[in-house]
Amino acid sequence: MAGAAGAEGDGDALLFASETPEETGGVRRPPPWLILIADDDHEVHAITRVVLGDVRFENRPLKFLSAYSAIQARALLAEHPDIAAILLDVVMETDDAGLTLVRHIREELGNGQIRIILRTGQPGQAPERQIIAQYDINDYKAKSELTAQKLFTTTVSALRSYRHIATIERSRQGLEAVMEAADRLYEQRSLAGFLRIAVERAAALLPCADTILLCGGGTPPAVLAATRGVQNLPRPVGDDVAAALADRQPRWGAGHSVVPLRSHGNAEPLALCLLGHPPLSDLEHQLTELFCAKAGIGLDNLHLYERLNQAQVATVHALGKLAEYKDEVTGDHVKRLGRWATAIARELRDRGQFTGTLDESFCGMIGLASVLHDVGKVGIPDAILRKPGRLDADEMRHMREHAAIGGAILREAGGSAGGRDGAPNILTMGAEIAESHHEKFDGSGYPQGLSGDAIPLAGRIVAVADVFDALLHRRPYKAAWEIEAVLDLLRAEAGRHFDPRVVDAFLAVLARDGVPLPG
């Protein structure tokens, strides 16, 4: 550290700073306060370091950066956005270099936090009243009046002011981060997605921690998600996790902390674990607990969604059973149909087709919704439904009514279930499929004679999968077809009965899954 023989002012005693290690006993210490000295006089730098070298504010030492011109100061400001205060000379490479730097800091960098202490050896060139009025500075000192004691007082006051402003800004940013994290967590529909988003957002909120974990119960507690590859918890950390999960109270420490997610439902309790951090501030405690409270609500929402989804799945299967009682082949048929429909939807999505419709929600629902495609057969007389051989014209008219019957049943049930903001649910998608899977791409189908993209995409997908599987298997009125004949029919009917894009995707799925295709 640079030293000097004396200092300007009244001869206050000067003390030299001792070196302070950044880590003691494996616990990270808070970083030092950064002070930028911007002055073209080398002696000023040396004296400032000597006078303030041993100063500690809130148990944090000072670290000095030196710039001998405004140009050098700009570079250091860009490199160190966390500079707390700048001791700034007015006259450096130009008579107003310091004042120009003030405008750069406030207006171009948009940095309103750094405390600017203007020091000048030529007060006549920068009159105090005029400078205070025109420039956003925080203190003004003539070098001739800046004794060691006054320099200490001015610097500590600037650091305290910076700390208050930084705390307010950190609070604002922290609250925004927590609210954004809550929005993302509330959107999650799988535990894996919830865990991933939770640790990612916690890491963004608390960059002071080396590692963020989400832990569940067990002996020892299980690591469910982590920002780094951590599989086993050290004994003291595991003990704190187990205790926090038991009494729902946080454990704060210098090195690791554990905060339980404040869920109120029947979801498995989880705890957020922070590893490798310095002692956290009261604000960081509050933000972490707020984050965990919001994450707990998200965990409850996920648990309720899973229960609701299970109930909806049970409802769908119960409705599907209605058709099974009428048609003994339907049970196996709908299982295969669901797998094919899901595979086609994902293939189309991977190809970048139907981007306005094909999202993960659509792909996740269509397989289950396809179970309901023939639920309208409950309204068809058994004599028609199970008749061996071809139907006559009147019987065919009755048979075709099953599409409208199924659509009406499911649409009413789906409307009662009510998708959020009008979003489709399994029952409303099932209604679309029931109504439209007998429509044809050229408009010659039933019940409405829709054509092309006017046919709902889910109906177009199920139409291909339904015909493919129905032809491959025996029915009361027909024998099973050979697969080559079925594939030939799909290709021949592409653009007439079927959407050719859906046929192409299905053929790609069959080829990928090893279904033999004729050359």
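Me: Helices (H or I, at least four residues) and strands (E, at least two) are DSSP runs, numbered from the N terminus. Where does that place glutamate 439?

Reply: Glutamate 439 sits in the loop between α13 and α14. Please keep in mind that this is a predicted model, where local features need pLDDT of at least 70 and side-chain atom pairs count only at pLDDT 80 or more, while totals for chains, interfaces and linings use all residues. Residues are numbered from 1 along each chain as its sequence is written, and side-chain values use heavy atoms, with hydrogens and water left out.

Me: How many helices and strands does the protein have?

Reply: There are 16 helices and 12 strands. Of the 519 residues, 46% count as buried, which means under 20% relative accessible area (exposed is over 50%, partly exposed in between, with a 1.4 Å probe and protein chains only).

Me: Why is phenylalanine 354 called buried or exposed?

Reply: Phenylalanine 354 has a relative accessibility of 18%. The limit for buried is under 20%, so phenylalanine 354 counts as buried. This residue lies in the loop between α9 (330-350) and α10 (360-369), and its phi is positive, about 55°, although it is not a glycine.

Me: And what makes arginine 248 buried, exposed or partly exposed?

Reply: Its relative accessible area is 31%, which falls between the 20% and 50% limits, so arginine 248 is partly exposed. Arginine 248 also has a positive phi, near 60°, and is found in the loop between α7 (235-247) and β11 (256-260).

Me: How do you know whether glutamate 439 has a salt bridge?

Reply: A salt bridge needs a side-chain nitrogen of Lys or Arg within 4 Å of a carboxyl oxygen of Asp or Glu. Here Lys and Arg count as positive and Asp and Glu as negative, while His and the chain ends are not counted. The nearest side chain of opposite charge, arginine 400, is 9.6 Å away, and buried glutamate 439 has no salt bridge.

Me: What makes the pair of glutamate 439 and glycine 449 a polar contact?

Reply: A polar contact is a pair of N or O atoms within 3.5 Å; within protein, one must be able to donate a hydrogen and the other to accept it, and residues adjacent in sequence count only if both atoms are side-chain atoms. The backbone nitrogen of glycine 449 lies 3.1 Å from a polar side-chain atom of glutamate 439, so the distance fits the limit of 3.5 Å. Glutamate 439 also touches (heavy atoms within 4.5 Å) residues including Tyr446 and Pro447. Those two are joined by a cis peptide bond, with omega about 10°.

Me: What makes a set of residues a nonpolar core?

Reply: The members are buried Ala, Val, Leu, Ile, Met, Phe, Trp, Tyr and Cys residues joined through side-chain atoms within 4.5 Å. The largest such core has 50 residues, of which Phe362, Ile366, Ile461 and Phe468 touch the most other members. α14 gives the most to this core, with 10 residues.

Me: Why is α10 called largely enclosed?

Reply: Seven of its 10 residues are buried, so α10 is largely enclosed by the rest of the structure. Among them are Phe362, Cys363 and Ile366. At the N-terminal end of α10, aspartate 359 acts as a cap, with a side-chain oxygen 3.3 Å from the backbone nitrogen of serine 361.

How values were computed
Lists of a residue's contacts leave out its neighbours within four places in sequence.
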